Amino acid sequence: MSPMTVVEGRRVALSNLDKVLYPDGTTKGELLHFHAACAWAVLPHLAGRPVSFLRFPDGPSGQRFFAKNVPPGTPSWVATAPVPRRDAPHARQVLLNDLPSLIWSANLVTELHVPQWRAAAPETADRLVVDLDPGSPATIVECCTVALWLRERLAADGIPALPKTSGSAGLHLLAAIDPTPSEEVVAYTRGLAQEAEAALPGLAVHRMDKSLRRGRVFIDYSQNARAKTTAAPYTVRAGAHAPTVSTPVTWDEVADCTEAGELSFDIRSVPERLEEFGDLCAPLSDETTAHSLPKP
């Protein structure tokens, strides 16, 4: 029988806490400790948003599977919500609104991915995202160059962007926006991506064709679509060697980045960053920071 712990009055079953998940020796128990210690920063970016899980229960070298539906055995106290899905009209997904739910999900060993809208208003985005994905041999260094251009372009439209690492190879730019239909956000960010490609020839590309992406930064605007999700701030990634984290960074760090390793953070370094900087993505959860997209 799995050991139980009580989290804010809820009984949460934990399992295999000594199991080594990553080649660097990180155990499942260490992942759970990270989520508990950083929950105050993690939860505001998850609350109210239907979560999709990329599960890797045996570590990044084992089986991985993407799960949107409520997992079997989910405790009754974990919140769920109906979500609009063409393939499953009556589908429900998990909402990680509190610490017990977060610890329960961490025990599943999973990346956390969320849409740009909340379950209370599906298909109406309150967040904009641009995913910068480098095509080898480009790295996050080239992503930073593109990010700085996009920062200025978004600022020209009155939209302050916040950067975070993807926790993998790239960079995400996020912004709080007034409630906007998802398709309008896609159209707006597609236009930004096209402008960036024209302004940064040979460096940026907005088309998904992999033959165009070698040595360039793919500007993926499609994650603003209703059905798409993005790795949530502070989610642990199923990286090959160590438990890297999708980590908010400062614009100074983006501007100063000259080597890919400078913007790589894991479950050991992120708590220290939170002590130093606080949650750099906190404005995303503040409605007073939201801005309207320009009219087409």
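Asp24, Glu30 and Arg268 are joined up in a network of salt bridges. This is a predicted model, and it holds 11 salt bridges. Here's a quick tour of three pairs.

**Glu30 and Arg268**
- Within that network, Glu30 bridges to Arg268, with the closest N and O atoms 3.7 Å apart.
- The pair connects distant parts of the chain, 238 residues apart: Glu30 sits in helix α1 (residues 28-42), while Arg268 is in the loop between α5 (251-256) and α6 (270-277).
- Glu30 is partly exposed, at a relative accessible area of 33%.
- Arg268 also counts as partly exposed, with 37% relative accessibility.

**Glu111 and Arg237**
- Here the side chains of Glu111 and Arg237 meet in a salt bridge, at 3.2 Å from N to O.
- Glu111 belongs to strand β7 (residues 110-114) and Arg237 to the loop between β13 (230-231) and α5, so this pair ties together parts 126 residues apart in sequence.
- Buried or exposed? Both Glu111 and Arg237 are buried.

**Arg273 and Glu253**
- Arg273 pairs up with Glu253 in a salt bridge whose closest N and O atoms are 2.9 Å apart.
- This one goes helix to helix: Arg273 is in α6 and Glu253 in α5, so the bridge ties together parts that are 20 residues apart in sequence.
- Arg273 has a relative accessible area of 10%, so it counts as buried, the cut-off being under 20%.
- Its partner Glu253 comes in at 21% and is therefore partly exposed.

Notes. Residues are numbered from 1 along each chain as its sequence is written. This is a predicted model: local features need pLDDT of at least 70, side-chain atom pairs count only at pLDDT 80 or more; totals for chains, interfaces and linings use all residues. Side-chain values use heavy atoms; hydrogens and water are left out. A salt bridge is a side-chain nitrogen of Lys or Arg within 4 Å of a carboxyl oxygen of Asp or Glu. Helices (H or I, at least four residues) and strands (E, at least two) are DSSP runs, numbered from the N terminus. Buried means under 20% relative accessible area, exposed over 50%, partly exposed in between (1.4 Å probe, protein chains only).
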